Amino acid sequence: MTATAPASVTLSPDAPGAAAPALRAENLTLGYTKVRPVVHGVDLAVRPGALTVLVGANASGKSTLLRGLARLLPAHAGRITLDGNPIERIAARQLARMIGVLPQNPIAPEGITAGELVARGRYPHQPIFRGRSSDDDAVVAASLAATDAASLTERRMDELSGGQRQRVWIAMALAQQPRILLLDEPTSALDVAHQVEVLDVLRAEVDRGTTVVVVLHDLTLAARYADELVVLCDGRIVAQGAASEVLTEATVRDAFGIDARILTDPDTGRPVVLPRASSLGSSAVVSQERMQ
Ligand SMILES: Nc1ncnc2c1ncn2[C@@H]1O[C@H](COP(=O)(O)OP(=O)(O)OP(=O)(O)O)[C@@H](O)[C@H]1O
């Protein structure tokens with residue numbers, strides 16, 4: 001990727017209701033130093049208007065790939081495009097209306113309240129020198145309600161529990177109303193009821209036409225919600241497709257170093273992963289840890 005951005009490009013309409021733009025990674029190599037790439041030559045055409053779940057063992061490169069897709073990390077090689085346009089050529093403000101990203105461990109400004117934080121999600125939609133409109137306030141309130149965080153509006157972020165904080169951050173991402181939402185382990189701190197609630201909210205976003213890419217560790221929840229499941233191992237995509245095709249015992253063993261029984265949920269037909277015995281010691285997972 002070139003360091004300096006040439007003239008910015010104009011994309012298709014980014015109003016809610018417009019088709020989500022096509023996000024694509026081609027031969028993408030990413031890393032934090034030039035000498036040790038973390039993501040190696042990945043090709044990924046994110047399905048517009050679908051829910052894609054990225055899974056993989058610790059350090060397999062999920063967050064790095066997500067950061068690359070969000071333009072938070074420059075590519076060492078290859079490229080990322082939105083509707084065919086190189087992502088680095090898109091103006092920052094327009095990109096913020098197109099792509100919303102929730103990193104794994106976001107840091108809130110000191111003393112900020114939950115309501116103030118979620119309102120920041122509206123910045124890309126606000127004309128310069130104009131404050132919040134009543135529409136913005138309505139979106140903020142609806143986003144907080146969607147993640148069961150309305151009662152936290154006046155509370156300071158640094159006084160909330162980990163799960164409460166996470167729900168507020170998800171509300172902020174929703175309030176941004178991007179066409180593509182990238183979320184890194186948004187349910188990691190949530191109790192099971194809130195995990196399902198948040199994933200239902202993401203499903204509803206997809207039903208409205210938003211493209212969602214989410215990193216999850218719970219393979220059964222991933223299988224239940226994914227339209228497309230992508231398995232990463234050592235910075236490469238090793239399986240991709242419908243959960244019922246991708247989540248085989250062999251894939252789970254190779255990618256996660258675990259012997260698991262794969263059952264089928266009789267209600268949904270989706271796979272249910274029952275971990276049995278860890279086979280760490282000879283697995284790909286250990287080879288990753290040795291690379292640290
Ligand atoms: N800021 C950074 N600087 C240097 N190396 C990093 C940085 N962030 C991640 N890495 C390294 O990149 C590799 C992939 O990390 P990444 O966070 O993408 O994995 P992950 O699949 O998201 O893992 P997890 O499931 O543990 O969150 C790891 O070896 C990690 O140590």
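**Exercise 1. Inventory**

How many helices and strands are there in the protein?

*Solution.* The model is a predicted one, in which local features need pLDDT of at least 70 and side-chain atom pairs count only at pLDDT 80 or more, while totals for chains, interfaces and linings use all residues. Residues are numbered from 1 along each chain as its sequence is written. Helices (H or I, at least four residues) and strands (E, at least two) are taken as DSSP runs numbered from the N terminus, and on this basis the protein has 10 helices and 12 strands. A residue is called buried if 20 or more other C-beta atoms, placed from the backbone, lie within 10 Å of its own, exposed if 12 or fewer do, and partly exposed in between; of the 292 residues, 40% count as buried. Two residues are in contact if their C-beta atoms, placed from the backbone, lie within 7 Å, and among contacts between residues at least 6 apart in sequence, 67% join residues at least 24 apart.

**Exercise 2. The six-stranded sheet**

Give the strand order of the open sheet that six strands form, then describe its edges and its packing.

*Solution.* Strands are said to pair if DSSP finds at least two bridges between them. The order is β6-β7-β8-β3-β9-β10, with mixed pairing. At the edges stand β6 (99-102) and β10, each having a single partner strand, so one side of each is left without a neighbour in the sheet. On average, and with direction ignored, neighbouring strands of this sheet are turned by 15° against each other. Within the sheet, β7 (residues 180-184) and β8 (residues 211-215) are paired in the parallel sense over five bridges, and leucine 181 has valine 212 in β8 as its bridge partner. For packing angles, axes are lines fitted to C-alpha atoms, for helices over the stretch in contact, and the angles run from 0 to 180 degrees between N-to-C directions. Helix α6 (residues 192-207) packs on the sheet by touching β3, β7 and β8, and its direction makes about 155° with that of β8. Helix α1 lies across β3 (51-56), β7, β8 and β9, running at about 150° to β8.

**Exercise 3. The four-stranded sheet**

Which order do the four strands of the open antiparallel sheet follow?

*Solution.* The order is β2-β1-β4-β5, and the pairing is antiparallel. The edge strands, each pairing on one side only, are β2 (37-45) and β5 (85-86). Five bridges join β1 (residues 23-31) to β2, and arginine 24 has alanine 45 of β2 as its bridge partner. Helix α1 packs on this sheet, where it touches β1, β2 and β4 (77-82), with its direction at about 125° to that of β1.

**Exercise 4. The surroundings of helix α1**

Why is α1 described as largely enclosed by the rest of the structure?

*Solution.* Seven of the eight residues of α1 are buried, so the helix is largely enclosed by the rest of the structure. The buried residues are Lys62, Thr64, Leu65, Leu66, Arg67, Gly68 and Leu69. Just after α1, arginine 71 takes a positive phi of about 65°.

The ligand comes next. A residue is near it if its C-beta atom, placed from the backbone, lies within 6 Å; 11 residues surround the ligand, the closest being Tyr32, Asn58, Lys62, Ser63 and Thr64. Helix α1 (residues 62-69) gives the largest share of this shell, three residues.

**Exercise 5. The nonpolar core**

Which residues have the most contacts inside the largest nonpolar core?

*Solution.* A nonpolar core is a set of buried Ala, Val, Leu, Ile, Met, Phe, Trp, Tyr and Cys residues joined through C-beta atoms within 7 Å. The largest has 82 residues, and those with the most contacts inside it are Val53, Val118, Val168, Ala171, Leu182, Ala222 and Leu229. Helix α5 (residues 162-175) supplies the largest share of this core, eight residues. Leaving aside residues up to four places away in sequence, alanine 171 touches Val118, Ser143, Leu144, Ala146, Thr147 and Ala149.

**Exercise 6. Two aspartates with positive phi**

Where are aspartate 83 and aspartate 234 found?

*Solution.* Aspartate 83 is found in the loop between β4 and β5, and its phi is positive, about 50°, although it is not a glycine. It has 16 other C-beta atoms within 10 Å and is therefore partly exposed. Aspartate 234 is in the loop between β9 (228-233) and β10 (236-241), and its phi is near 50°, a positive value in a residue other than glycine. Because aspartate 234 has 19 C-beta neighbours inside 10 Å, it counts as partly exposed.
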